[in-house]
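This report describes how one chain of a predicted model is arranged around its strands. The sequence and structure are shown first, and the description follows.

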Amino acid sequence: MDSTTSWGLVTTLIGGVCTLAIFSFLLKENPFYRFFEHLFIGIAAGLGPLLVLRDFLWPKILEPMLGLTITTYPDGTLSEPYQPLYLLYLVPMAFGSLYYFIYSRRHAWLAKIVIGFTLGTSGALAIRGFFGEVVPQITGSFKPLVVFSNGELALFESFNNILFVATLLLVLNYFFFSFGKDNSAQDGSPGTLQSRMAPLGRPLLMICFGAFFGSTVMARLALLVERVQFIITDWVAALSNVVGIG
Amino acid sequence: MILAVGIPVFLGYSRPPSRLVSAERMYEVMAKTEFKPGEVAMVWLDFGPGTLAENQPQAEVILEHLFRRRVPVVLLSQYQQAEVALQRVPREVAKRLERELPDQRWSYGEAWINAGFRPGGAIFIQALVNASDISKFLGRDVTGMPITQYPNFAAIGGVERVKLVGEVTGLTGVFDTIIQFFQKGGYQPTVVHGCTSITIPEAYIFLDSGQLKGLLEGIAGAAWYSEVLKQHYPKSDNTKLLVVNTALSAAHLVIILLIVIGNLVPLYQLLRQRLWGSHG
Amino acid sequence: MGGLEHATPGILVTVAFAVLLLLYELRRVERGYRHFIRRIPGIDAVEGAIGRCAEQGRAVVFTTALTDVGPVLYACLGVLHAVAKRVAGYKLKLIVPQYSPEAMVIVEDAVRGAYNDAGRGAAFDPQSIVFLSSEQFAFASGYMGLVHREKAGAAFMFGVFAAEALVLAEAGQQVGAQQIAASVSPEQVAFFICTCDYTLIGEELFGASAYMSREPVQVATLAAQDRLKLLFALVIIIGVLGATLQSIYPTWSLPTVDLFFTTEWSSLTW
Amino acid sequence: MVTINSSDQRARLIGIFTFLGGIYFFLYFVLPESAISFIGVKDRHEAISNGFIVIGAMAIGLGLFNLVSAHGTRIVFKKIGWVYSLALITGLVCMLGVTSAQWLQSLALSAEQQRSQIISEFAQRIIDDADKTTATLTVPALQVRVDALKLYGFEHLSVLETKLLGQRGASSLLQHELQKNIATVREKLAQLDAVSWGELSPGSATLLKEVVTSGAKFSVARGAYLREAAATTTVQQLYTLLYEGFFNQLGSAMFALLGVYIAAAAYRAFRIRSVESALMMAAALIVMLGQISFGRMISDDMPALRQWLLEVPNSAAFRAIRLGAGVAGLMLAIRMWLSIESRSFSAGKKR
């Protein structure tokens with residue numbers, strides 16, 4: 001954000017005020033914070049719908065449907081004939097507007113039709129998505145437990161592969177719930193091999209969650225660093241510009 | 001905490017970032033991917049203000065590398081709030097490169113185009129992959145100009161000519177749609193990913209299976225990538241990024257210190273109670 | 001293997017197997033088959049926490065946080081139903097702070113059903129289902145105030161969480177509540193592990209709910225999932241053995257088991 | 001005769017539509033490529049996909065409707081906190097207004113650019129129509145079309161030139177570039193007189209080709225010039241102010257709060273209370289020390305140790321979690337598509 005132009009300066013100054021307003025929540029929930037929080041929710045809500053209209057509905061659906069993409073050349077001929085097929089888009093548009101019946105008490109079930117339809121669509125797509133992701137994950141797990149590099153046994157790689165496959169299977173086993181004979185675990189008897197091995201999965205999961213913990217710490221702190229940097233470098237500089245101390 | 005972060009930023013003090021092998025491997029992939037004439041890279045900027053801090057530096061180093069290699073870049077997003085990032089990030093990278101190399105130019109329509117926000121998520125991506133000509137499929141860019149009018153992007157052709165796909169995001173689910181749907185029979189792109197740190201452990205399983213060829217791990221990943229870039233292009237300027245990374249490292253030390261103290265204090269009180277409590 | 005846009009024969013067989021497996025399990029459960037579900041340690045922790053509250057006579061708080069209407073919510077309701085029934089039995093105070101208005105309707109329905117099942121339908125107080133806010137941080141600060149005022153003895157946090165999980169966990173810890181958490185998002189599980197007394201991880205939430213509620217669709221889904229996961233585990237084991245043999249005897253060229261998934265229709269010569 | 005009450009009928013109708021919602025993409029996935037193209041769906045797939053996106057896109061007003069009605073009533077009836085609702089509605093209206101104004105401005109701009117683009121587009125169309133053996137649609141004679149192209153071209157360029165000369169202020173780099181392009185296009189159009197236009201000869205085709213390429217460059221330069229001029233208009237500045245000054249800053253600040261929360265929790269809440277949390281904290285420490293620049297003070301292999309921990313134990317455990325979640329997601333997808341829902345808890349349940 002260049003604070004050279006006057007607009008840029010105003011933008012930076014407002015940015016600083018907004019940041020301090022949100023940070024005031026750390027002291028106590030206060031009107032200053034709540035005002036800017038509501039402002040944020042309003043601006044975010046105002047941005048969304050128009051972009052769907054501007055970047056998709058208008059150029060891809062409405063403009064061709066109204067024939068506005070056809071240019072007449074200087075000699076009177078048309079760049080392309082009108083495509084009546086575009087009028088078919090009126091069907092999904094009408095069907096999509098059923099969403100708004102969610103607000104009527106008597107006809108709310110009409111909205112459930114289109115909500116169900118979109119749930120069905122995402123369900124069917126998720127079936128394809130599952131295989132698109134999981135098949136390479138499964139084939140990527142076929143790691144040889146014994147690795148040779150130019151004839152010798154590569155100890156470190158072999159150990160890594162053994163640890164990898166063992167962890168993978170033990171954690172998978174931890175999330176099995178319905179294997180075992182009905183009478184075994186209910187009365188406290190040891191139960192099947194599978195249920196006896198299950199607890200082994202938990203400590204291995206802890207290493208994975210430790211990695212998540214360390215990474216989440218970096219994610220959260222990065223956001224704070226960016227804000228502190230904005231206040232110290234950009235905002236203070238803009239303030240000194242205005243007050244003329246600089 | 002604000003002090004620990006503020007001091008390096010205020011003084012402009014920076015230390016060399018931690019060496020992340022994943023960023024180095026990504027550099028190799030970005031340097032070695034071959035682009036024949038007419039072939040393009042497609043970079044998704046799927047981040048808004050919430051994860052700007054980590055995702056913007058990643059988007060900048062990816063675009064800087066592609067711009068230096070003169071690879072035509074198609075920019076777009078599945079996320080509405082990425083509107084301004086799509087406009088500002090490539091422009092700032094181009095300006096920085098033109099300051100560094102005054103005789104060269106990186107202009108909109110030549111080095112990159114901005115296809116803007118595209119709703120539909122998985123439905124949009126699986127239709128894009130199926131398109132016979134991507135330039136026609138994308139239709140117009142954000143300025144309203146048909147993409148077929150830009151010479152570098154006029155005849156991209158099928159998705160096979162998208163040789164590299166970059167995905168920079170902090171949103172859950174968005175990266176998955178690229179991994180799951182940006183592929184078709186006989187074609188799988190080279191995917192590189194700039195992720196917020198919270199999803200680093202997740203991204204590693206895709207590095208292991210080869211679905212992902214390069215990963216930038218939060219700001220630390222972008223910082224080390226910029227160092228590697230600097231080795232090949234000495235005049236590349238990453239001072240601001242290194243200062244931020246150093247402040248981030250300082251903040252980490254404070255967290256570790258607080259956890260240690262937070263656990264020692266009750267332990268000490270417990271011991272005191274057990275020892276003195278029993279004598280008293 | 002190139003990319004995947006259309007199912008290969010192997011994948012088609014797997015899809016058919018998954019669909020038929022689910023329908024078969026549903027049919028079996030509806031015809032009264034009692035599936036075995038192992039008792040995961042998380043369930044002991046839940047029952048222990050309520051028992052301790054009964055001794056101290058303190059209130060029990062159960063929140064589904066950001067969970068919206070959907071299968072994760074139904075899994076939470078399986079546990080909430082069991083918790084509410086015990087709380088009704090012990091005549092304790094139950095508070096259920098809410099974030100999503102749509103989910104609130106279903107939650108109230110489930111808690112009223114639990115009180116009826118415990119034979120204390122009259123004692124059910126609709127005010128115990130408290131709507132705080134549908135904005136993430138406003139909900140978190142509202143929850144913090146409520147837990148402090150009620151001096152809760154046990155705090156259950158089940159469902160979908162985001163960054164506000166830290167605030168919720170800290171509130172319960174400050175009043176010395178016994179905290180049990182169950183989250184489907186792995187990032188938040190890491191925080192719950194070091195702030196709560198017991199944490200159910202990912203699908204354990206579905207396991208606990210199926211065990212406690214014996215709700216037919218949840219039990220059948222769990223059984224079908226286990227069997228499909230077992231199939232994939234076996235494929236991995238075969239694949240690993242094949243890769244190991246291939247590594248020991250490089251001259252052999254063993255067909256790898258992933259060919260089952262990757263062989264295209266075109267290369268199948270009839 | 002079993003009387004099916006209306007709510008059963010409705011539930012069945014919803015179930016049918018849910019099934020219909022998924023059938024197209026399910027078949028598109030399970031049928032092989034050859035079958036798809038045999039049915040002829042392949043080239044209509046884009047239009048059908050757009051149809052599905054349209055349905056979802058129609059819901060854009062829902063959130064708006066919800067917010068306006070909730071906060072609107074709070075303002076009208078002066079309920080407590082109506083001032084905050086007023087702030088929300090003001091933010092909403094300002095953003096809607098400024099974004100619409102910016103959109104209309106860009107529509108006008110691209111219409112203006114379209115007029116410049118016609119020169120290259122029309123020249124290309126003349127070439128394409130001429131060498132079509134069977135003239136699909138009746139087009140005027142070649143000579144008439146070329147004359148029309150020249151007439152339009154010269155007129156458009158001169159109008160543009162007078163507008164540029166009348167421009168106040170320093171002429172920017174882009175303006176010079178535009179003027180250079182205007183000159184080359186005018187020169188290429190003039191060259192068209194040198195040939196007779198009975199029918200298209202290779203020589204005349206290359207002349208037209210030059211008009212096409214120079215016209216395309218001219219149109220791109222015109223676009224760049226128009227965008228540069230638009231960047232300093234009030235509408236664009238207001239849009240940047242609202243987006244960059246308020247929206248981006250507020251969003252970043254809201255999430256930055258988390259950085260402070262985690263610091264507070266690090267001291268007050270993160271307790272090592274069991275073997276499990278000790279194991280987790282040890283792994284967390286390795287990851288943290290491996291990713292920061294101070295890690296090297298402890299040992300140079302910190303990053304390598306972190307790399308190993310992420311690549312082997314973490315990846316193995318998380319792949320298992322992901323596989324389990326994937327299978328659960330698959331079963332859930334099948335349940336959603338076939339409307340198999342937990343009946344005993346859903347609203348209006350049948351015991």
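## The sheet of chain C

In chain C, C:M157 of strand β4 has C:A181 in strand β5 standing opposite. The two strands concerned, β4(C) (residues 154–160) and β5(C) (residues 178–183), pair in the parallel sense over six bridges. They belong to an open sheet of six strands of chain C, in the order β3-β2-β1-β4-β5-β6, in which the pairing is parallel. Its edge strands are β3(C), residues 129–131, and β6(C), residues 198–201, each of which pairs on one side only. From one strand to the next, the twist averages 15°.

The following table lists three of the strand pairs.

| Strand pair | Sense | Bridges |
|---|---|---|
| β1(C) and β2(C) | parallel | two bridges |
| β1(C) and β4(C) | parallel | five bridges |
| β4(C) and β5(C) | parallel | six bridges |

Strand β1(C), residues 60–65, is mostly covered, with six of its six residues buried. In a regular strand, side chains alternate between the two faces of the sheet. For β1(C), both faces are covered, since C:V60, C:F62 and C:T64 on one side are buried, as are C:V61, C:T63 and C:A65 on the other. In its pairing with β4(C), C:A65 stands opposite C:V160, while in β2(C), which spans residues 94–98, the bridge partner of C:V60 is C:L94. Between β1(C) and β2(C) the chain passes through helix α3(C), residues 71–90, and the resulting β-α-β crossover is right-handed.

## Helices on the sheet

Which strands does helix α3(C) touch where it packs on the sheet? The strands in question are β1, β2 and β4 of chain C, and the direction of α3(C) makes about 160° with that of β4(C). Helix α5(C), residues 136–150, also packs on the sheet, touching β1, β2, β3 and β4 of chain C, and its direction makes about 170° with that of β2(C). The buried strand β1(C) is thus touched by α3(C) and also by α5(C).

## Contact with chain B

Beyond the sheet, chain C also meets a neighbouring chain: six residues of chain C are in contact with eight residues of chain B. On the chain C side of this contact, the residues divide by class into one nonpolar, three polar and two charged.

Terms used. Residues are numbered from 1 along each chain as its sequence is written. Chains are lettered from A and ligands numbered from 1 in the order in which they are written. This is a predicted model: local features need pLDDT of at least 70, side-chain atom pairs count only at pLDDT 80 or more; totals for chains, interfaces and linings use all residues. A residue is buried if 20 or more other C-beta atoms lie within 10 Å of its own, exposed if 12 or fewer, and partly exposed in between; C-beta atoms are placed from the backbone. Helices (H or I, at least four residues) and strands (E, at least two) are DSSP runs, numbered from the N terminus. Two strands pair if DSSP finds at least two bridges between them. A crossover is right-handed if, with the strands pointing away from the viewer, the path from the first strand over the helix to the second runs clockwise. Two residues are in contact if their C-beta atoms, placed from the backbone, lie within 7 Å. Ala, Val, Leu, Ile, Met, Phe, Trp, Tyr, Cys and Pro count as nonpolar, Asp, Glu, Lys and Arg as charged, and the others, Gly among them, as polar. Axes are lines fitted to C-alpha atoms, for helices over the stretch in contact, and angles run from 0 to 180 degrees between N-to-C directions.
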